[in-house]
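Trainee: I would like to go through this model with you and ask how each label is earned.
Mentor: Happy to, let's take a look together.

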Amino acid sequence: MKGMRDMPDETRADSAAATAKARQRRAGRAVTRALAGWIAVRRRMLSAGELGYLPVTLVLVAVWIIFQSLNSSFLSPRNLSNLSVDIVGTGLIAVGIVFVLLLGELDLSVGSISGFAAAVFAVLNVNNGVPEWLALIAAVLTGTVAGTVQGYSIARTRVPAFVVTLAGLLTWNGLMLVILGTSGTVNLDENGLIAHLTSYYFTNAGVAYAVAALATALVFLASYLNRRRRMALGMSHLPLHTVGVRTGVVAVIGFGSAYLLNQFQGLPLALLIFLATVAGLDIVLRRTHYGRQVYALGSSVEAARRASLGVTGVQTAVLAVSGTLAATGGLFLASRITSVSQNSGSGVLLLNAIAAAVIGGTSLFGGRGTTWSAVLGMLVIQSIASGMALTDTPTAVQLVITGGVLFAAVVIDSLSRHTQQAHGRA
Amino acid sequence: MILLPPPLLALHGVCKRFGVVEVLRDIELEIHAGEVLALLGDNGAGKSTLVKVISGVAPADQGSIEWEGRPVHIRRPQDARDLGIATVYQDLALCGGLDVVGNLFLGREIRRFGFLDEVEMERRSTQLLERLTRSIPDLRGPLVSLSSGQRQTVAIARSLLGDPRVLLLDEPTAALGFEQTTEVLDLVDRLRDQGLGVLLISHNMGDVKALADRAAVLRLGRNNGFFDVSTTPQEQIISSITGATDNVPRRPAHREAEW
Ligand SMILES: Nc1ncnc2c1ncn2[C@@H]1O[C@H](COP(=O)(O)OP(=O)(O)O)[C@@H](O)[C@H]1O
Ligand SMILES: [Mg+2]
């Protein structure tokens, strides 16, 4: 509890002689105190095993420094812009994986669902002339239905999700092969809606800046209003400079990215959709009754049941979300290559999606993680892939390195879990 | 004769079996408002199971339950909660990954514009915990990082949130130190004064003697006597727990000596 104690109020000693010098000294001390407070909170979190985004951020920075030193075009606007589009397809799938991991379960069917959904779109639109928007809705709903069926089976039979979704993996893959028929590969309309998902850029530089400004404003408003309300209720609240620092970090990242993206072709539509989805679902998970139930179930199903939570409903809904996001991700992956084939959704896609969530800091043991971990984890994985491609490193090496990062993430996850429990016993 | 109000909660002929094992058989129990009823019995006597029957976690197979004299059915935890029955389980049943505030309000979150109102929930959590303890735990750390005594306090606080009328406490002081035990016992005393009916499971005869009005003893899943705690000699209650109804040992019960 030591970290919780307030810093001693040194300012009180200051005399009423409020000279400019004293004021300056006071301001300096306030900053020092805020910093000390921040460090105390961080240290308490670290010793309690809450590492948050720290490890993955360090890994990301390290990866970027290494590849930039190997090839100076790595951090070029062009490469970073492509990177930001490349993370979207698998990233959306990884967001669904985060939901399932929060329950302490694993969804192995997301790769197959993504391929199946893309095939549904291709067959409906290209082979049968169904309008694109209708085929798109049908494809996404295919994922929702597949996920719902799996989720309901898991909730009712209480068979672990990885078994049910392993059956799903085979089933949805089989269904995809059936509807694709003998044709094998279906090429999508190069100028169609799906193609635009990843090829459209907001070339007007103002759009990227507007998005950055909006994000900054929202973060500022949220922390500021929260602070004001807590202050009015006489509760402990963030010091104003922390609100400033928080807003500043978002502003630097937001406007920095906007500037970089505008150096190439502007804000990619795919990135905008991805970030909006992640931010929206983050709010759903952390600020709604539904999300709270997800975290509760991931901690203790029995405690959730005794608290009268709708266990079946939540489990079904989580797998439905995962299926929906898998289908959506599948459409973005198809968009990137404007085709759907028997290979869609296969290969390392599933493993990358799971790895991204875990590398980003979502716990394999359930109850810990956020949707943002999918973004950070995907950035690491895709940065390694992109850097390897730039430096002509063989794929084998890329797999080994990604595997190493994943292993490190799992070890950190496990260690921080143990630290937390040891902390509780103390 | 004075016409007494019906008991808040009454159980008649309650049976509970797990598979072929009959854990509870023909249980009778009454909990009155403004009364602390101690539920005593050796390990495995069925005390926790009885608590789960009343709280809807493990509904009864047979028998009837009456609430203020009117028959009710408790088939799910929700049913018990709706009646006004709150429970502190022996295993606490908290979510290790959620923070203190999240645990306190799990299943009855306060919302504002449709979103969780963390500020209000935290404010009420502080108020509630201040009533219960002098060492308030870190409200925003995950529950697993709390000490077992603090977790126990959280579980008790959680049970009080819905303003219950009957409180079931399954060994609430087992994990506590001296000071915290006193805090809990004081709290139970105050709740009784407020008119709650409290069912208290404890192995500590000293606490039972100091706090309880009546004691109900379970032995091997059956009723084994009801006692007025203030008038019954302690030896008689203990012998009823152990089953040695005659030949009461003269030395004090070893559990009392634990302190
Ligand atoms: N879920 C269960 N399944 C099977 N047997 C159980 C279960 N829960 C409790 N029991 C058995 O019921 C008996 C009473 O247990 P319990 O109510 O926990 O006793 P107490 O709380 O009095 O120590 C024990 O023999 C125990 O093994
Ligand atoms: Mg017990």
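Trainee: Which residues line the largest cavity?
Mentor: Keep in mind that this is a predicted model. The lining of the largest cavity is made up of Leu132(B), Thr153(B), Ile156(B), Gln180(B), Glu183(B), Val184(B) and Leu187(B). Two elements, α5 (148-160) and α6 (178-193) of chain B, each give two or more residues to that lining. The most comes from α6(B), with 4 residues.

Trainee: What makes this space a cavity?
Mentor: A cavity is a set of points where a 1.4 Å probe fits but cannot get out. By this rule, with 30 Å³ or more required, the count comes to 1 cavity. The volume of the largest cavity is about 80 Å³.

Trainee: How many residues of each class are in the lining of the largest cavity?
Mentor: There are 4 nonpolar, 2 polar and 1 charged residues.

Trainee: On to the surface: which residues make the nonpolar patch?
Mentor: Trp133(A), Leu134(A), Ile137(A), Leu141(A) and Leu193(A) form a patch of about 480 Å². Helix α5 (residues 132-157) of chain A gives the most to this patch, with 4 residues. Leu193(A) sits in helix α7 (residues 193-199) of chain A.

Trainee: Why is Leu193(A) called partly exposed?
Mentor: Its relative accessible area is 38%. Buried means under 20% and exposed means over 50%, with partly exposed in between. Leu193(A), at 38%, is therefore partly exposed.

How values were computed: Residues are numbered from 1 along each chain as its sequence is written. Chains are lettered from A and ligands numbered from 1 in the order in which they are written. This is a predicted model: local features need pLDDT of at least 70, side-chain atom pairs count only at pLDDT 80 or more; totals for chains, interfaces and linings use all residues. Side-chain values use heavy atoms; hydrogens and water are left out. Patches are made of residues with over 30% relative accessible area and no salt bridge: like charges are joined within 9 Å, nonpolar side chains (Val, Leu, Ile, Met, Phe, Trp, Tyr) within 5 Å. Accessible areas come from the Shrake-Rupley method with a 1.4 Å probe; for residues, only the protein chains shown count as cover. A salt bridge is a side-chain nitrogen of Lys or Arg within 4 Å of a carboxyl oxygen of Asp or Glu. Buried means under 20% relative accessible area, exposed over 50%, partly exposed in between (1.4 Å probe, protein chains only). On a 1 Å grid over the protein atoms alone, a cavity is a set of points where a 1.4 Å probe fits but cannot get out, and a pocket is an open set with protein on both sides within 12 Å along at least five of seven lines; lining residues have an atom within 4 Å of a point. Grid points are joined across faces, edges and corners, and a volume is the space filled by probe spheres set on the points. Ala, Val, Leu, Ile, Met, Phe, Trp, Tyr, Cys and Pro count as nonpolar, Asp, Glu, Lys and Arg as charged, and the others, Gly among them, as polar.
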